[in-house]
Structures are given as structure tokens and as C-alpha cells.
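Student: I'd like to go through this structure with you and ask why things are called what they are called. Can we begin?

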Amino acid sequence: MNIGIILSPMEHIQSLKIYTTNLVRNLNNIDKQNEYYLIHHSKVHLDIYEENKEIISDPPKIIFNNIWWKFHTLPQDLKSYDLDLVHDIQGISTFFMKNNSDYNRVMTIHDLAPLAFPKMYMKATLSDRLLGNKAIKNVDKIISVSKSTKNDLTRYFNTPKEKIEPIYLGVDEKFKVIDIKQIKNFKEEYNLDFPFILYLAAFRQRKNIPTLIKAYYLLRKEGLAHKLVLAGQKSDQYRKILNLVKKLKLEKDVIFTGFIAADVLPLLYNAADLFIFPSLYEGFGLPPLEAMACGCPVITSKTSSLPEVVGDAGLMVNPKSKYELKDAMKTLLINSNLRTELIKKGINRSKKFTWKRCAKKTLNVYKEVLE
């Protein structure tokens with residue numbers, strides 16, 4: 001069978017890049033019967049393109065808009081290829097129109113944040129609701145990255161539950177406990193040679209960083225000396241966050257690292273005394289899983305998909321309460337027995353989430369649809 005996987009715009013979105021590259025590599029390892037065609041709009045030099053066939057669907061010459069490409073240009077181009085199934089790894093617009101071709105349709109939905117928080121995503125909310133409702137009706141099967149996202153699909157689009165298959169993401173094998181000497185060298189090289197609490201993700205509104213900073217301010221007032229390291233791209237909320245840090249006079253205690261390269265991430269998790277992720281909403285939530293695999297105890301929110309990922313291997317809090325966040329941080333920093341327990345539980349739990357398992361379950365979806 002010929003299976004097409006639509007990758008664009010995954011090359012430009014880090015979370016999608018992690019999902020797709022790991023999914024495709026593991027499909028290549030476990031499936032020797034099907035041919036995979038990787039579909040995108042421009043040549044990109046990634047190893048997964050060397051191992052599979054490739055379809056380049058050129059964007060419009062005058063103006064390039066990703067939604068227009070996925071909504072109009074790509075579906076027209078795909079009619080020229082002998083594909084049995086097409087999987088869009090970031091669904092919605094590609095399957096907006098009814099299927100006039102012979103191929104079956106699968107799409108992955110990572111989250112429905114624009115519908116859960118319409119005031120945060122005013123532009124995206126309308127398009128997701130309009131395009132999503134059509135696309136969901138026109139596909140054969142939907143992969144959701146968590147049961148929480150499956151519930152969101154039934155809530156916002158009244159999607160039949162039997163049409164949705166929750167498939168968890170995996171954690172890369174590079175995320176593991178690293179030798180103490182390596183960590184010491186890393187901390188010295190990156191000027192992080194002090195005890196610190198780590199947050200790592202984009203600086204977006206739903207990530208809830210201002211509440212974290214207010215909780216950290218309370219922690220400092222109680223005498224705990226750990227610094228707070230905020231790692232990640234300085235996106236739309238950065239200026240607001242920086243102003244809050246200045247207002248609370250925490251400039252020497254809150255460290256902004258900017259973007260962290262993928263090969264450095266395991267060292268950073270290992271170097272932290274705890275990882276905190278107070279997001280208001282996640283479709284899955286990879287960072288807490290990566291932290292657990294690295295032996296870093298985790299505090300996260302008891303909302304959306306995060307309890308599914310972390311389970312009893314971390315502390316769950318109400319992310320809107322700075323007092324709960326503060327108390328959880330204090331507890332983990334002073335209670336060595338609890339830290340040891342959560343580190344052990346986190347490492348064991350992270351082993352349940354593998355990309356091989358993700359690929360196997362995705363392949364089963366393909367087989368179900370094709371049969």
C-alpha cells in the first residue's frame with residue numbers, strides 16, 4: 001500500500017517536528033510492507049526524506065499561505081498520485097473538502113487550544129471551528145494524542161467516540177539520567193552553577209508563566225535560595241513576563257536562557273533540582289515526560305492531559321493558584337524522601353511512553369482504515 005504523510009508545516013513547528021520525525025523513523029523500522037510518501041511544499045534536508053519517497057506540492061507562485069496550500073493546492077496535486085491513504089499530522093484544513101479521490105484519510109489532532117481558550121486565540125478559533133467541523137466529518141479516522149484531546153473532540157465537534165483513537169506520544173531515548181560529572185561540566189559551561197528550578201516550553205499565554213513567577217516570588221520570601229530558569233523561545237508573552245520579573249525585583253534570580261538546542265535538553269533536565277510546568281492546557285505535554293525520564297522530579301497541573309502523562313509520578317496542583325505552586329515547590333525542595341520517591345516513579349513511568357509503541361498503534365489505525 002502507498003501511504004502519504006503530510007509533513008508541512010512540521011519543519012517550522014518544533015513540537016510537530018518531534019512527533020513526525022519519530023513517528024516516521026519508527027514506522028520505517030517496523031513496517032516493511034507499505035511504501036511511505038512524505039508530502040511537503042518545499043525541499044527540506046532531514047534524514048527521514050532520504051529513507052522514504054517524497055512528494056513536493058509547490059505553493060502558489062504569487063502568495064503563499066499555508067492554509068490555502070493545504071485547503072486547495074495540495075488536495076488537487078494529490079489526485080495525481082496513486083495513494084491508498086493520506087495522513088495529515090496536523091489536521092483540519094487539508095480535508096476540508098469532501099473526498100473526490102480514491103485515498104482514505106487519517107488526521108492527527110494534537111490539541112484544541114483555540115476552542116478551549118477562544119480569547120487567547122481569537123483568529124485561530126473561528127478557522128478551527130469552521131474548518132475543523134468539515135474536516136472531522138470527511139476523515140475516516142482521527143488520532144488524538146491523549147484521551148483528554150479525544151474528549152475535547154467530542155465536546156466541541158460532537159465527534160463519534162469510535163472515530164477517534166488516542167495514541168500517546170513517546171519520549172526519545174536520549175532523555176535519561178546522565179553522569180554527575182557531565183552535569184557538573186555542563187553547569188559550569190552554561191553559567192548555571194547554582195541550584196535551580198526549571199521551566200521549559202514556549203512563552204505563550206496558556207503556559208501560565210506569570211503565575212509561576214508570582215509563586216516563585218513567594219518562595220523566595222520564605223528564604224529558599226534556588227534560582228528559576230525559564231528556558232524556551234521568547235515568544236509573544238516574553239515582554240510581559242520580563243516586566244513582571246522587574247516589578248518583583250527578581251532580575252538576579254530569574255534566568256532567561258532563550259532557545260535550547262535539542263542535544264542540550266537532557267543535560268538541562270538533569271541539572272535542575274525540579275521541573276515545573278504549570279500550563280493551563282496541553283494536548284499531551286512532552287516536557288514533563290522528558291524531565292521524568294531524566295530523573296528530575298516534576299510539578300505540573302491537574303488539568304487537561306497532564307494527569308494522563310504524569311500520573312502519580314509527580315505533584316499535581318491547581319495552576320491558577322500561586323500558593324499551591326509555591327507550596328509544591330517548597331515541599332519538593334525540602335522533602336528529600338519525596339524527591340527520591342518521585343524520581344524513581346518518574347523514571348519508571350516514562351518507560352511506558354515510547355515512539356515505537358506510538359508507531360505501532362498508528363500503523364494499526366492505517367490497517368483498520370485500509371481494510
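Student: Which residue stands opposite Asp88 in E5?

Tutor: Met107 is the one standing opposite Asp88 in E5. Keep in mind that we're looking at a predicted model.

Student: Why are E4 and strand E5 said to pair?

Tutor: Two strands pair if there are at least two bridges between them. E4 and E5 (residues 104-109) have four bridges, in the parallel sense, so they pair by that rule.

Student: What about strand E1 and E4, how do they pair?

Tutor: Strand E1 (residues 2-6) and E4 are also joined over four bridges, in the parallel sense. One bridge partner to look for is Val86 in E4, which goes with Gly4.

Student: Which way do the residues of strand E4 point?

Tutor: In E4 (residues 85-88), Leu85 and His87 point one way, while Val86 and Asp88 point the other way. Leu85, Val86, His87 and Asp88 are all buried.

Student: Let's turn to charges. What makes Arg25 and Asp47 a salt bridge?

Tutor: The cut-off is a side-chain nitrogen of Lys or Arg within 4 Å of a carboxyl oxygen of Asp or Glu. For Arg25 and Asp47 the closest N and O atoms are 3.1 Å apart, so the pair passes. The two come from distant parts of the chain: Arg25 is in helix H1 (residues 14-30) and Asp47 in helix H2 (residues 47-51), 22 residues apart.

Student: Why is Arg25 called partly exposed?

Tutor: Partly exposed sits between the 20% limit for buried and the 50% limit for exposed. Arg25 has 33% relative accessibility, so it counts as partly exposed. Asp47 has a relative accessible area of 32%, so it is partly exposed too.

Student: How do you know that Glu222 and Lys326 form a salt bridge?

Tutor: Their side chains meet at 2.7 Å, N to O, and the limit is 4 Å, so the name fits. This pair links distant parts of the chain as well, with their positions 104 residues apart: Glu222 is in the loop between helix H8 (209-221) and strand E9 (227-231), and Lys326 is in helix H13 (residues 322-334).

Student: Is Lys326 buried or exposed, and why?

Tutor: Lys326 has a relative accessible area of 10%. Buried means under 20%, so that settles it: buried. Its partner Glu222, at 37%, is partly exposed.

Student: What makes Asp327 and Lys326 a salt bridge?

Tutor: The closest N and O atoms of Asp327 and Lys326 are 2.8 Å apart, and the cut-off is 4 Å, so they qualify. Asp327 has 38% relative accessibility and therefore counts as partly exposed.

Student: How many salt bridges does the count come to?

Tutor: The count by this rule is 14. There is also a network of salt bridges that links Asp111, Arg206, Lys207 and Glu282.

Student: Last topic: which residues gather in the patch of positive charge?

Tutor: On the surface you'll find Lys147, Lys352, Lys356, Arg357, Lys360 and Lys361 gathered there. Lys and Arg count as positive, so the name suits them. Helix H15 (residues 355-370) gives the most, with four residues, and Lys352 lies in the loop between helix H14 (336-350) and H15.

Key. Residues numbered from 1 in each chain as written. Predicted model: local features only at pLDDT ≥ 70, side-chain atom pairs only at ≥ 80, totals over all residues. Heavy atoms only, no water. Patch = residues over 30% accessible without salt bridge, like charges linked within 9 Å, V, L, I, M, F, W, Y side chains within 5 Å. Areas by Shrake-Rupley, 256 points an atom, 1.4 Å probe, with all protein chains shown as cover. Charge placed at Lys NZ, Arg CZ, Asp CG, Glu CD. Buried < 20%, exposed > 50% of the residue type's maximum accessible area, 1.4 Å probe, protein only.
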